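Welcome, and take your time with the view below. Once you have turned the structure around a little, let us walk through it together.

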Amino acid sequence: MSQKHDVWGWMLAVDFFFAGMGGGMLVIVGLLDLFVGEGRTSLLGNVLGPVFIGIGSSLLILELGRPFQALRVFVNPKAILTAGAWFMSFAITFGLVYATFGLDMFFWSSWVFARKVLAALCFITGLVVATYPGILLGRHKGRPFWHGPGIMILFLLSSLVTGFAAHSLAGFVFPPSTLTDVLGMFPKFTAGLLAFQLLLWFGYIWVKKSGGTTSESIATQRWINGDLSSSFQYGFLLFGTLAPLVLSLSSSPSLQAVGAALVLLGGALMRMLVVRGGEDRTWFPGEQKYRSRLPKGNEAFLKAWNK
Amino acid sequence: MARYAMVMDTRRCVGCHSCTVACRVHNELPLDMIYNPVVTVGPTGVFPNVRMTNLPLICMHCDNSPCVDACPTGASQQRPDGIVFVEEKKCISCKACVMACPYGARVPNHEKGTIQKCNFCMDRVDEGKLPHCVKTCHQKARIFGDMDDPTSEVYKLVNNGYPVRLLGELNTEPYVFYIVDSEVKL
């Protein structure tokens, strides 16, 4: 029996992952070009950043009940999803155009000022794309695990970590043609951010458990010893954060690559868990019992008299 | 201009679910969709002082409605009289409103690919009739009317100080009010 999703499902979580990683990659590309110089990242990484955002957008479209009418999401300027859709579109465009500056076949590849402008635009739009899922979730008043600005910081941080890791992996596969000095430091940046991420997650869970409302405390219990706890503690904290932190500090490129791959898996898992953690509303007394009795999918009795 | 509101007198509700059925029939909802569940709180207490309360849930038609703000297509709208509704042809079922609503009042229709919700039976209200759930309630536990009319029953009930708003701390300013016994914790 197939399960019907009455709330956001795994595709949105994967969208958050790809869009966040792509946004983080654009932030890194933009910052390096503006303040260090061109050619510090792999051309493959420069291309993959906007491509990842595109993959995220595609999954968002597939999640819709009417995917062929997806263009309607651009309509309401007051909605944060609309802002996100516009910024993702801009980020994909600016990112792909910026990546063309790495190819000599394009006559504009030597236009330094245009490249700098695009780098700035990549930084701005990438930063918004990396941050907006956290803002989107943090504004949900009725979802106790998400509500508040903390989730925004966690998403931005994870986007940057996965961005560094993805650039590192792209550099292993397709090294920059000129300079590799900065790219070689990416595993160290990743390790620093992972340590910060570990600290922030402990703080977030602790504050939600002890310092928030009763409904926040109940929602957080799932992460401590509930159905999400194993995936969170072993999957995300141990194998998605702590293990890659150690591997990133090693001097072996292959171990660093394994660490970067684990960072990506951890980032995807974290978003899956956060989206699932938002299934919990602030329930009214008796509501969960009532809703637990409702059909979850295509139960036979729903179609019994159509035969 | 009218501002429609509903008062739920939980002291009168016996949990017969007539309102739920009437709503589903009138709105021709699939079996797995419910706009107005009636949940049961309790029983609580120790015999012989045992208490059970039925809590009818519904769209709160909030003045500060997070679902309308969250909708990227403009399908979720609010009329000047306060009724929040979904213009189905614009809805793409992104579920942003489902997630934004703190009351769980929005339901995906998987067959149509849209989100649907209670609209206070606005077609009937526009004709001067009562919503089906109110008309059906034989205990008169649901009272519907215009909050801008000082002679209306809802105005009087709300302004006598008894009714409470669910999740009032979220500042959504719901326009469905509840009369509950003081012993019941919501």
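Let us begin at a single residue: A:Glu287 counts as buried because its relative accessibility is 0%, where buried means under 20% relative accessible area, exposed over 50% and partly exposed in between, found with a 1.4 Å probe on the protein chains only. What you are looking at is a predicted model, in which local features need pLDDT of at least 70 and side-chain atom pairs count only at pLDDT 80 or more, while totals for chains, interfaces and linings use all residues. Residues are numbered from 1 along each chain as its sequence is written, chains are lettered from A and ligands numbered from 1 in the order in which they are written, and side-chain values use heavy atoms, with hydrogens and water left out.

Where does A:Glu287 sit? Look for helix H10 of chain A; helices here are DSSP runs of H or I with at least four residues, strands are runs of E with at least two, and both are numbered from the N terminus. Leaving aside neighbours within four places in sequence, A:Glu287 is in contact (heavy atoms within 4.5 Å) with A:Arg281, and also with B:Val39, B:Leu57 and B:Tyr103.

Helix H10 (287-292) also leads us to the largest pocket, since it supplies at least two residues of the lining, as do helix H9 (253-277) of chain A and strand S6 (107-109) of chain B. A pocket is found on a 1 Å grid over the protein atoms alone, as an open set of points with protein on both sides within 12 Å along at least five of seven lines; a cavity is a set of points where a 1.4 Å probe fits but cannot get out, and lining residues have an atom within 4 Å of a point. The largest pocket holds about 980 Å³ of space. Of its 34 lining residues, A:Asp6, A:Val7, A:Trp283, A:Arg291 and A:Lys296 lie nearest the centre.

The cavities come next: 6 of them have 30 Å³ or more, and the largest holds about 120 Å³. Its lining has 14 residues, and nearest its centre are B:Cys13, B:Cys16, B:Cys19, B:Cys137 and B:Ala141.

Now step back to chain A as a whole. It has 10 helices and 0 strands. Its radius of gyration, taken over C-alpha atoms, is 21 Å, close to the 19 Å that the globule rule gives for 307 residues, so chain A is as compact as a globular protein of that length; the rule is 2.2 Å times the number of residues to the power 0.38. Along its principal axes, the C-alpha trace of chain A spans about 65 × 45 × 35 Å, and 50% of its 307 residues count as buried.

One of the buried residues is A:Ser159, with a relative accessible area of 1%, in helix H5 (residues 150-173) of chain A. Beyond four places in sequence, A:Ser159 touches A:Gly20, A:Met21, A:Gly24, A:Ala130 and A:Arg271.

Finally, consider the largest nonpolar core, with 51 residues; such a core is a set of buried Ala, Val, Leu, Ile, Met, Phe, Trp, Tyr and Cys residues joined through side-chain atoms within 4.5 Å. Its largest share, 7 residues, comes from helix H4 (residues 112-138) of chain A. Apart from this core lies another, of 43 residues, including B:Met8, B:Cys23, B:Phe85 and B:Tyr178.

How values were computed: Grid points are joined across faces, edges and corners, and a volume is the space filled by probe spheres set on the points.
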